[in-house]
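Here are a few short exercises on charged side chains, with solutions worked step by step. Grab the viewer and try each one before reading on.

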Amino acid sequence: MSKDKKQIYKPKAISGFPEWLPEERLIEQQWLDHIRRVFESYGYTSIETPAAEEIDVLTAKGETDKEIYTLTRLQADDSDKREARIGLHFDQTVPLARYTAMHFNELDFPFKRYAMQKVWRGERPQLGRMREFYQCDIDVIHVDHLPLHFDAEMPAVIYEALSALDIGRIQIKISNRKILLGLLDAMGVEDTIPVTRTVDKLDKLGPEEVTKLLMNDCGLSKDHCEKILHLTTVSGVADIRAITPDNDQMKEGIEELAFVLDQLSHLPEGVIKADLSIVRGLDYYTGTVYETRLLDIPEFTSSVCSGGRYDDLAGSYINKHLPGVGISIGFTRLFDVLRHHGYIKAHKKCPTDVLVILPDEDMRAETAKVAQALRAGGHNVEVYHAPQKIGKQIAYAEKKGIGYVWFPDLGEVKNLASGTQEKANATTWKAK
RNA sequence: GCGAUUGUAGCUCAGUGGUAGAGCACUCGGUUGUGGUCCGAGCUGUCGCGGGUUCGAUCCCCGUCAGUCGCCCCA
């Protein structure tokens with residue numbers, strides 16, 4: 001090595017594009033594996049779509065709010081301008097719609113699919129808000145008519161997927177947009193999006209502030225505001241059924257919501273909560289909507305998982321009527337916020353269960369044989385790379401969180417947590 | 001995109017108008033092969049970048065870039 005200073009480019013983390021240490025990644029993968037198993041246990045099938053879509057596909061539904069990252073070559077020249085402009089997908093619903101439209105004849109309906117991929121949004125990053133993150137989505141799409149039972153299946157699956165992650169109590173709030181939209185229609189309110197966005201902020205701003213915004217920014221009368229806010233306080237199947245609808249749309253919403261809640265009554269008390277203040281600011285949801293809170297993690301204030309029903313998912317891409325319902329876990333948000341606040345306890349830095357000591361260069365073959373026997377017994381096994389001092393080899397195992405050290409020369413295994421060491425047979429021994 | 005705040009070793013942070021320190025981490029050692037504690041030694045920095053003021057700036061001023069938080073929006 002030369003004594004001259006090496007020229008180094010000091011790398012900086014790209015904000016909003018997270019990466020984890022090995023011990024964190026290990027847990028992330030366990031979580032993803034668990035979620036995948038739950039999704040599959042309900043018959044959802046995996047598809048993977050490309051990271052990039054044509055800009056026209058991405059914007060077909062008028063999603064101008066979501067900042068789309070576009071893809072260009074660094075060496076782009078005039079010939080590139082003739083090519084289709086492409087961008088990274090900002091969710092998995094738009095790719096699903098495109099996919100369903102393109103493979104319509106080859107798919108079987110109702111099409112139940114899950115997807116666990118990264119998505120990209122060019123927003124300002126913050127804790128719990130990334131520019132690159134995983135979403136774990138399930139959606140069901142059918143032709144012409146999708147039974148309401150699926151609206152009830154979404155929260156049931158999500159409850160199972162999340163409740164095993166050791167993140168405390170989950171609460172899934174459910175509403176039906178037809179109720180509020182029906183009310184607004186009966187009131188003669190035409191521009192509904194600002195109203196729904198404002199109502200959606202109820203738990204953050206409180207009723208007074210929301211009333212003020214509704215009157216000042218949305219031009220609603222005090223009377224109307226009161227009616228809307230009163231509606232948002234209703235919860236429980238009985239109370240929902242007791243609402244007097246102002247029109248057919250409201251009536252439909254009430255019946256649908258009551259039905260979905262009924263279907264979910266088998267879940268533990270408190271998991272499902274009807275909350276008519278949940279409307280979602282997004283305009284493409286047409287019926288049932290979901291939002292999920294973590295009741296035992298006070299630092300986690302945003303929704304970890306949300307979704308809803310859309311009347312016509314792929315209408316922009318195919319001349320068919322394809323209603324769907326879906327829900328999405330904001331996986332990276334969930335993982336990162338919990339990690340940041342110390343709720344995720346990582347111990348192991350590698351998947352290794354047993355480190356086999358290499359006592360001596362001459363023992364490599366023997367050591368490899370022991371390792372192979374242990375692997376055959378279902379263990380993850382690493383052999384130390386050099387015949388260094390035993391203390392050093394043990395320290396390596398300790399640092400990496402490996403639970404056991406095997407001494408092939410002694411035929412003994414040492415439990416690092418307890419410090420005990422005993423004779424053992426590599427083919428029959430089992431880690432605890 | 002708007003507003004606020006920050007930018008010194010791998011990490012967390014001190015510090016001064018005269019070219020820098022601690023803790024942690026890391027490496028080696030503590031009588032010739034069994035970790036975690038303890039002790040000793042060692043290693044590490046264009047003090048974000050560019051310009052200005054000054055005899056001289058990491059410290060003052062301007063700009064810039066980047067991070068963080070809030071808003072917006074959302075997973």
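**Exercise 1.** Which side chain does Asp 296 meet in a salt bridge?

*Solution.* First, a note on the source: this is a predicted model, where local features need pLDDT of at least 70, side-chain atom pairs count only at pLDDT 80 or more, and totals for chains, interfaces and linings use all residues. Residues are numbered from 1 along each chain as written, chains are lettered from A and ligands numbered from 1 in written order, and side-chain values use heavy atoms, leaving out hydrogens and water.

Next, the criterion: a salt bridge is a side-chain nitrogen of Lys or Arg within 4 Å of a carboxyl oxygen of Asp or Glu. The partner is Arg 169, at 2.8 Å from N to O. Then place them: Asp 296 sits in the loop between strand 9 and strand 10, and Arg 169 in the loop between helix 5 and strand 7, 127 residues apart. (Helices are DSSP runs of H or I, at least four residues; strands are E, at least two.)

**Exercise 2.** Find the partner of Arg 339 in helix 1, then say how covered each side is.

*Solution.* Start with the pair: Arg 339 bridges to Glu 24, with the closest N and O atoms 3.2 Å apart. Arg 339 belongs to helix 13, and 315 residues separate the two. Now check cover, where buried means under 20% relative accessible area, exposed over 50%, and partly exposed in between (1.4 Å probe, protein chains only). Glu 24 is buried at 14%, while Arg 339 is partly exposed at 27%. Finally, widen the view: Asp 336 joins Glu 24 and Arg 339 in a salt-bridge network.
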